[in-house]
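Take a moment with the sequence and the model below. Then follow the text from strand to core to charged pairs.

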Amino acid sequence: MFGIALKSLRSKWRDYIVLFVGLIISAAIFYMFSAMATNRAFLEANSVVSQISVIFVIGEVLLGLITFVYLNFANGFLLRLRQSEYGLMSMLGATKKQIGSLLLRETLSIGVIATIIGILIGFALTELSSHYLMSLLGVKLAHWQSISMKSVIITLVFFIVLFTLNGLYNRHRLRKQDTLTLLLANKQVNQPIVHKVIDPLLGLIGLGLLVISYVLMPNIVKVGLSGFVVILVLNVLGTYWFVSRTLKMLTNWIRNSTYSLHGLRAFINGQLAFRLPDYQRILSSIAVMFALALGAMSVGQGYYRMLPSQAEQTYPVTAVYATDKVNTDNLKGVQWQQDYQYVVKGQTVYFNATEFNEHKLPTKVSAKNGSGLQTKWVTGDWLKKKAAYDYTLDGIANQILNQQYGAKAVVTENASEMMTHGVPRTMQMVKVSDMMANDQALSHNQKLQEKIVGTKSEFATGSYATYSQLKGIFGGIEFMGIFLGIGFLAMLAATLMFKTLSGVADDKNRYRVLAMIGTSEKKITQTIAVDLGILFVIPMAIGILDVIFGLQMFAPLMAGASNAYLGFVPSLIGIVCLYTIYYCLTVWMYRRLIKK
């Protein structure tokens, strides 16, 4: 039976090639995430990356779930494509057990071959992605390994288990069907039932549910957590009812209007009407998943792009150097710079109030209206009273002691009192007008400080240090979002492709009738493009609308609605381009199958 399975794969390699590509992409990305998450030496040597290792684990889990769903649809297509062949085997004496065993071996053969190729591509993808991750995090990564035997084993075991479960499920589906059903599988057509009163009513309700969810999304702050659950339920139900009811209402309206009298519009509308009952679940699911993929990429990139402004809002100065040996002449657009003295004794850092009276210290305090933090220039006398509440001095004290927390900042009356606790040292504080324009210089100075006084970057203070730490977290999120978005969309689009191609047998005779009445090959190809284009546009349009309105929910977390859309356009361009590639591939394969 194994030989028959291999011969079957070779004879239908064109039908399996898209499944192969989707699985290879999935296996390659899964291996890459696994290689990052399981490389202990790499994580321990790069403190910034170790903070986001859990992100790669989450990415693996999500990728595994969507791969399982993708496999069900893909193998469902291949199963239907070969049902008549299995029925013929049954007529010739093959038992259901033998046919089921053949199907299981075919599934495992595809899985193992695709996984091995995916792992090999994963080696190259992991190496290439390291440079991208380095640029996102702004660090040089140590102990990076593109080839990890542990990750190879994890990937192989995971996908073999996945394919085995999927193969067993398909074998169970096959055993439930009798020989006659298998032989006539490609000749069954379901006529949609039209209800003149109920269909328009439910169609309007579906549209209303979707619109209500869009209206509530920008008001997420007012509706709260319970409102968020309501929005989610309304959106999912609205999406399903819109696809299953509202579109059915529209096809019925077009059928009875003069619009359908031009060209082949009536044929295309009829195709959509026939497909909707069978496609309503998959189109609804793809619309929701499309929105999640696009939304995740948009939010991840949006957060990453707003990190500089976010960091500057949390700290009043750009950088603090616990030594006067760091030369700040390489910085451009310096708005403010000042040196202060300090003394270290145990876990306490002492400062001189007289210096702060002469040269005020910028610090962050709560705004009067409670809307956030604002910069206040304070004197030494103010600090003596409220030093315990000043985050700026506490942050500087912890940086000087090279620790994350636990330091105590004390403001003395004058220099003499400060010097009773030890030998004074000098620190520099600087603020620049454009932090990103000074990115390389600030990074150089931070490394120089670490070399001179040993201050680790994760313990540094200032808006640039905050930016570096946030970049480590959100850079990893953007990294995962981009690759997960690619993997998700590749499999979602391929799932729709397989679902569409599985209906070729039903459509073949209808397109043959078009050819028989004189429709040109060019016109038939154009009709196929429009016919399939509608199926691809429906979930994409709903998903894009979901994200356009849904990003409003992140406005409070991203300091305004404008920031919420920072990553939307680049994410949309990338996703639509990949989605279009799958659409064009589907049209080409569909046209080829129609001609057979």
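Why is strand E3 largely enclosed by the rest of the structure? Look at residues 348-352, the five residues of E3. Five of the five are buried, so the strand is largely enclosed. Keep in mind that this is a predicted model. Buried here means under 20% relative accessible area.

Now take the two faces of E3 in turn. Thr348, Tyr350 and Asn352 lie on one side, and they are buried. Val349 and Phe351 lie on the other, and they are buried too. Both faces of the strand are covered.

Next, find the strands that pair with E3. Strand E2 covers residues 334-345. E2 and E3 pair in the antiparallel sense, over four bridges. Val343 stands opposite Tyr350. Val344 stands opposite Val349. The two strands form a hairpin, with two residues between them. Gly346 takes a positive phi in this hairpin, near 65°.

Strand E6, residues 408-412, also pairs with E3. Here the strands run parallel, and five bridges join them. Tyr350 has Val410 as its bridge partner in E6. Tyr350 therefore appears twice in this account, and it is one of the buried residues of a strand whose five residues are all buried.

E2 has a further partner. Eight bridges join E2 to strand E7, residues 425-432, and these two run antiparallel. Asp339 of E2 is matched with Gln428 in E7.

Move on to the helices. Which nonpolar core is the largest, and how many residues does it have? The largest nonpolar core has 65 residues. Those with the most contacts inside it are Leu283, Phe290, Leu294, Tyr511, Ile528, Tyr579 and Tyr590. Several helices give two or more residues to this core, among them H10 (198-216), H11 (220-255), H12, H19 and H23 (568-595). H12 gives the most, with 15 residues.

Tyr579 shows how the parts of the chain come together. Leaving out residues up to four places away in sequence, Tyr579 touches Phe290, Leu489, Ala493, Leu496, Phe536, Pro539 and Met540. Apart from this core lies another, of 26 residues. Trp336, Val349, Leu383 and Met427 are among its members. Val349 is also one of the buried residues of E3.

Stay with H12, residues 265-305, and pick out Ala293. Ala293 has a relative accessibility of 6%, so it counts as buried. Ala293 and Leu489 are 196 residues apart in sequence. In space their C-alpha atoms are 7.2 Å apart. Beyond its neighbours within four places in sequence, Ala293 is in contact with Phe488 and Ile575.

Ser463 belongs to helix H19, residues 463-501. Is Ser463 buried or exposed? Its relative accessible area is 2%, so Ser463 is buried. Ser463 touches Ala311, Glu312, Tyr315, Val317, Thr318 and Met435, again not counting residues up to four places away in sequence.

Nonpolar residues also appear on the surface. Leu225, Phe228, Val229, Leu232, Val233, Val236 and Leu237 form a nonpolar patch there. Together they have about 630 Å² of accessible area. Val233 lies in helix H11. Val233 has a relative accessible area of 43% and is partly exposed.

Finish with charge. Side chains of opposite charge can pair when their charged atoms come close. How many salt bridges does the structure hold? It holds four. In one of them, the side chains of Asp531 and Arg275 meet, at 2.6 Å from N to O. This pair links distant parts of the chain, with Asp531 in helix H21 and Arg275 in helix H12, 256 residues apart. Asp531 is buried, at 3% relative accessibility. Arg275 is buried as well, at 7%.

Another salt bridge joins Asp381 and Lys384, at 3.8 Å from N to O. These two are three residues apart in helix H15, so about one helical turn separates them. Asp381 is partly exposed, at 39%, and Lys384 is partly exposed, at 32%. Lys384 also forms a salt bridge with Glu413, whose closest N and O atoms are 2.6 Å apart. Glu413 sits in the loop between E6 and helix H17, 29 residues from Lys384. Glu413 is partly exposed, at 44%. Asp381, Lys384 and Glu413 are thus linked in a network of salt bridges.

Conventions
Residues are numbered from 1 along each chain as its sequence is written. This is a predicted model: local features need pLDDT of at least 70, side-chain atom pairs count only at pLDDT 80 or more; totals for chains, interfaces and linings use all residues. Side-chain values use heavy atoms; hydrogens and water are left out. Buried means under 20% relative accessible area, exposed over 50%, partly exposed in between (1.4 Å probe, protein chains only). Two strands pair if DSSP finds at least two bridges between them. Contact means heavy atoms within 4.5 Å. A nonpolar core is a set of buried Ala, Val, Leu, Ile, Met, Phe, Trp, Tyr and Cys residues joined through side-chain atoms within 4.5 Å. Patches are made of residues with over 30% relative accessible area and no salt bridge: like charges are joined within 9 Å, nonpolar side chains (Val, Leu, Ile, Met, Phe, Trp, Tyr) within 5 Å. Accessible areas come from the Shrake-Rupley method with a 1.4 Å probe; for residues, only the protein chains shown count as cover.
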